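Colleague: I would like a close look at one part of this model, with the surroundings brought in step by step. Could you take me through it as you would for someone new to protein structures?

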Amino acid sequence: MRTESGSRRYAHVVVAPGARTRDVLPAMRAAVLPRRLVQAWYVPDDIDRYREEVFPVFERVGDVNAYGFPTLDGATIKIGIYTTGHPIGYDTPDCTRIR
């Protein structure tokens, strides 16, 4: 690697381009399919019920796959869902679903 402050060599590197993996590493095109993951931060009525002392990180696996976290900021909680569906194609002109 070359930078303004000099050159360095590394035995291993980690490349993590996320949804753009198929563009950055064409050899991974067949192995990687980006998916749309839905997550949001919610403001509960009683934030004390969602503090880390009483509300753990969770994952629900079944007909609906979901995960969530206790409040970290004292105001909101994060909840997300994920599926094997909803692939997206950043390499399509309008970033539509891959069929």
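Colleague: Let us start with one residue: does Asn 65 count as buried or exposed, and why?

Modeller: Happy to, and please keep in mind that this is a predicted model. Asn 65 counts as buried, because its relative accessibility is 18% and the cut-off for buried is under 20%.

Now let us see where this residue sits. Asn 65 belongs to strand S5, which covers residues 65-69. Being covered is the usual state in this strand: four of the five residues of S5 are buried. For the protein as a whole, buried residues make up 18% of the 99 residues.

Next, look at what lies beside S5. On one side of the story is strand S6, residues 77-82. S5 and S6 pair in the antiparallel sense, over five bridges. You can follow this pairing residue by residue: Asn 65 has Tyr 82 as its bridge partner in S6, and Tyr 67 has Gly 80. S5 also pairs with strand S4, residues 58-60, again antiparallel, through three bridges. Here Arg 60 has Ala 66 in S5 as its bridge partner. The link between S4 and S5 is a hairpin of four residues.

S6 has a further partner as well. Strand S3, residues 38-42, pairs with S6 in the antiparallel sense over five bridges. In that pairing, Gln 39 stands opposite Gly 80 of S6. Gly 80 therefore turns up in two pairings, with Gln 39 and with Tyr 67, if we follow the definition of paired strands. As you trace these strands on screen, one general idea helps: in a regular strand, side chains alternate between the two faces of the sheet.

With the strands in place, we can return to Asn 65 and ask what it touches. Setting aside neighbours within four places in sequence, Asn 65 is in contact with Arg 60, Gly 80, Ile 81 and Tyr 82. Tyr 82 is the bridge partner we have already met. The side chain of Asn 65 also has a polar atom that lies 3.1 Å from the backbone nitrogen of Gly 62.

Arg 60, one of the contacts of Asn 65, deserves a stop of its own. Its side chain meets that of Asp 63 in a salt bridge, with 3.1 Å from N to O. How covered are the two ends? Arg 60 is partly exposed, because its relative accessible area is 42%. Asp 63 counts as exposed, because its relative accessibility is 69%. The structure holds two salt bridges. In the other, the side chains of Arg 51 and Asp 48 meet at 2.7 Å, N to O. Arg 51 is partly exposed, with a relative accessible area of 29%, and Asp 48 is partly exposed too, at 47% relative accessibility.

Arg 51 leads us to the loop that follows S5. Thr 71 has its place in the loop between S5 and S6, and Arg 51 is among its contacts, along with Ile 47, Tyr 50, Thr 76 and Ile 77, once neighbours within four places in sequence are left aside. Thr 71 is buried, because its relative accessible area is 7%. The side chain of Thr 71 reaches two backbone nitrogens: that of Gly 74 at 2.8 Å and that of Ala 75 at 3.3 Å.

Finally, let us step back to the whole protein. There are one helix and six strands, and along the sequence they follow the pattern β-β-α-β-β-β-β. Among the contacts with a separation of 6 or more, 43% are between residues 24 or more positions apart. The accessible surface comes to about 8100 Å², and 55% of it belongs to carbon and sulfur atoms. On the surface, Met 1, Tyr 10, Val 13, Val 15, Val 24, Leu 25 and Met 28 form a nonpolar patch with about 660 Å² of accessible area together. One of these, Leu 25, is found in the loop between helix H1 (21-24) and S3, and counts as partly exposed at 31% relative accessibility. Set beside Leu 25, our starting residue Asn 65 is buried, at 18%.

Notes: Residues are numbered from 1 along each chain as its sequence is written. This is a predicted model: local features need pLDDT of at least 70, side-chain atom pairs count only at pLDDT 80 or more; totals for chains, interfaces and linings use all residues. Side-chain values use heavy atoms; hydrogens and water are left out. Buried means under 20% relative accessible area, exposed over 50%, partly exposed in between (1.4 Å probe, protein chains only). A polar contact is a pair of N or O atoms within 3.5 Å; within protein, one must be able to donate a hydrogen and the other to accept it, and residues adjacent in sequence count only if both atoms are side-chain atoms. Contact means heavy atoms within 4.5 Å. Accessible areas come from the Shrake-Rupley method with a 1.4 Å probe; for residues, only the protein chains shown count as cover. Patches are made of residues with over 30% relative accessible area and no salt bridge: like charges are joined within 9 Å, nonpolar side chains (Val, Leu, Ile, Met, Phe, Trp, Tyr) within 5 Å. A salt bridge is a side-chain nitrogen of Lys or Arg within 4 Å of a carboxyl oxygen of Asp or Glu.
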